[in-house]
Amino acid sequence: RPIGSGAEAELERIREGVPHGRFPAHVFNDQEIFDVEQERVFAKAWCFLAHESEIPNRGDYVTRYIANNNLIVARAESGEIHASLNMCRHRGNMMCKSEMGNASHFRCSYHGWVYKNSGELVGVPYMKEGYEGRLDKRDWGLIKVRTETYAGLVFGTLDPNAPPLDEYLGGFQFYLDLYLKQGSSGSEVHGPPDHWVTETDWKIAAENFSGDGYHTPVAHQFGFNLGYFASSGSTHSQGWAASIPGRGHGIGLGHTPGFPPFAGFPEELADEMRRSLSPEQVEVFSQTRTAVGTVFPNLSFLMQPFSIVPGEAGVRFVTMRLYHPIGPGRTEMYSWCLVPKDASEEYKREAYRAYTLAFAQAGTFEQDDLENWARVTRSAGSNMARDVEFPYVMGMDSVPDPDFPGPGHVVKPYVNDSNFRNLWSRWSDYMTGRE
Ligand code: FES
Ligand code: FE
């Protein structure tokens with residue numbers, strides 16, 4: 001849908017500012033930006049939908065969104081995963097009302113059309129008497145959405161011309177493996193997601209998770225003071241910022257000198273990771289204390305050791321989250337704890353405890369972030385903020401680290417705007433119709 005030429009020119013201007021380290025405040029809370037994003041970003045990009053371990057058995061399903069489209073993501077009888085628009089083809093009723101469950105078929109509660117969980121229409125009341133041969137069931141299945149997976153992550157895109165997922169990820173798989181290949185059998189979700197609405201813009205969360213090591217010693221200062229973190233505020237800024245140029249994905253890799261390799265993992269799990277990851281991945285991840293990354297646009301991860309009892313050795317946990325924008329400055333959050341499939345029940349429980357205390361909906365660190373993000377969102381929506389820009393000039397002259405064995409644009413230190421410039425440049429490419 002076309003937008004006014006003034007708005008197009010403004011988006012071009014925003015895009016030109018990004019490489020110079022400038023990005024406007026208002027985009028973080030703006031109705032017009034939200035509307036354009038729905039069509040140009042979320043309807044075009046590969047959006048994260050679900051983790052395969054949420055629907056391990058035939059018939060398992062979850063409902064998720066791409067933009068404002070509610071989708072049923074189901075494991076069909078064949079074992080394949082299908083994503084279909086949750087809208088009856090007869091008169092548009094929502095087929096599936098629950099967020100997760102198990103069903104081989106969905107029956108519409110309005111006139112009773114029945115679909116397989118793969119989307120095929122198989123039952124129509126009064127087929128003979130009413131339709132008299134005028135309706136071919138094969139033409140009226142649920143609308144399908146293209147899906148592809150990587151290491152358990154299910155992505156969907158509404159764009160039939162989107163490149164394959166592998167190309168879209170563009171090498172970021174190297175870093176994702178830290179979260180997704182914890183051990184030879186991979187990772188799984190531990191329980192259903194925490195799911196809540198926040199008064200913040202998805203972009204603020206996506207940016208923070210693409211490697212904002214800068215806020216940690218300040219916003220989460222009590223974590224250092226009380227001994228929840230296995231590092232100090234001064235070592236926290238060390239490490240790397242890695243991003244995939246032109247793709248928007250980025251990760252911050254915090255490193256504390258002298259930190260034991262794979263600290264926070266049980267010994268047997270660390271050994272398994274040494275076996276299942278590539279030597280380059282082992283070199284990077286064994287010295288990674290904190291890893292916080294975003295896959296453009298709506299998926300983020302964080303892994304770090306967290307001391308459940310302050311001062312004691314930390315337990316490494318992973319949070320995975322999905323952002324579903326529901327309005328300018330409003331986001332539906334989904335947050336999971338990801339654990340290694342093969343780990344002991346004891347470790348899974350401990351990791352889940354650490355995750356819940358720190359980063360689930362009511363987690364202490366989550367609250368620190370959300371209070372700040374909600375205030376950023378509110379001020380970004382004010383009239384005076386229309387003409388305000390933010391500086392993204394940190395690390396503008398950082399040169400790529402020649403010794404780093406991983407892919408992408410990798411700079412030191414971890415405290416850097418490099419990943420954010422990459423993120424907003426990708427966003428601007430989508431917003432100006434270049435993708
Ligand atoms: Fe679903 Fe009529 S709307 S059967
Ligand atoms: Fe934070």
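Axes here are lines fitted to C-alpha atoms, for helices over the stretch in contact, and the angle between two of them runs from 0 to 180 degrees between N-to-C directions. Keep that in mind for the first two views of this predicted model.

**Figure 1. Helix α1 meets helix α2.** Here we look at α1, residues 5–17, packing on α2. The angle comes out at about 80°, and the two axes are 12 Å apart. Angles of 65 to 115 degrees count as roughly perpendicular, so that is the word for α1 and α2. On the α1 side, A7, E8 and L11 make the contact, while α2 brings E32, I33, V36 and R40. Sorted by class, the contact of α1 with α2 holds four nonpolar and three charged residues, with no polar ones.

**Figure 2. Helix α2 also packs against helix α13.** This time α2 (residues 31–42) is paired with α13, which covers residues 418–431. Their axes lie 9 Å apart and make an angle of about 85°. With 65 to 115 degrees as the range for roughly perpendicular, α2 and α13 therefore get that label. Look for I33, V36, E37, R40 and V41 on α2, and for W427, Y430 and M431 on α13. The contact of α2 with α13 counts six nonpolar and two charged residues, and again no polar ones. If I33, V36 and R40 look familiar, that's because they touch α1 as well as α13.

**Figure 3. Two domains and the contact they share.** The protein chain splits into domain 1, residues 48–150, and domain 2, residues 171–431. Taken over C-alpha atoms, the centres of domain 1 and domain 2 are separated by 34 Å. Domain 1 puts 12 residues into the contact and domain 2 puts in 20.

**Figure 4. Inside the largest pocket.** This view takes us to a space of about 540 Å³, the volume of the largest pocket. Its lining is made of 19 residues, and the ones nearest the centre are E207, D212, H215, V376 and Y392. Three elements each supply at least two lining residues: α6 (202–209), α12 (364–380) and β20 (389–391). Which of them gives the most to this lining? That's α12, with four residues. By class, the lining of the largest pocket has 12 nonpolar residues, along with three polar and four charged ones.

**Figure 5. The second largest pocket.** Now for a pocket with a volume of about 170 Å³. Among the residues that line the second largest pocket are S243, P245 and G246, together with H409, V411, S418, R421 and N422. G395, M396 and S398 are part of this lining too. Both β21 (409–411) and α13 supply at least two of the lining residues, and α13 gives the most, with three. That makes a return visit to α13, the helix that packs against α2. By class, the lining of the second largest pocket is seven polar, three nonpolar and one charged.

**Figure 6. The largest cavity.** The count comes to three cavities of 30 Å³ or more, and here we zoom in on the largest, which has a volume of about 130 Å³. Of the 16 residues that line this cavity, H215, T216, L302, Q304 and F359 lie nearest its centre. You have already met H215, which is also among the residues nearest the centre of the largest pocket. The strands β16 (290–295) and β17 (299–306) and the helix α12 each give two or more residues to the cavity lining. Sorted by class, that lining has eight polar, six nonpolar and two charged residues.

**Figure 7. Backbone oddities in three loops.** Most residues other than glycine have a negative phi, and most peptide bonds are trans. With that in mind, take a look at F296 and P297, which are joined by a cis peptide bond with omega at about 0°. P297 sits in the loop between β16 and β17, and those strands help to line the largest cavity. The bond from K412 to P413 is cis as well, with omega near -5°. P413 is found in the loop between β21 and α13, the elements that each supply at least two residues to the lining of the second largest pocket. Then there's A67, where phi is near 50°, a positive value in a residue other than glycine. Find A67 in the loop between β3 (60–66) and β4 (69–75).

How values were computed: Residues numbered from 1 in each chain as written. Chains lettered and ligands numbered in written order. Predicted model: local features only at pLDDT ≥ 70, side-chain atom pairs only at ≥ 80, totals over all residues. Heavy atoms only, no water. Parallel < 35°, antiparallel > 145°, perpendicular 65-115°, else oblique. Contact = heavy atoms within 4.5 Å. Nonpolar A, V, L, I, M, F, W, Y, C, P; charged D, E, K, R; others polar. 1 Å grid on protein atoms, 1.4 Å probe; cavity = no way out; pocket = protein on both sides within 12 Å on 5 of 7 lines; lining within 4 Å. Points joined across faces, edges and corners; volume = space filled by probe spheres on them. Domains from an automatic or database assignment.
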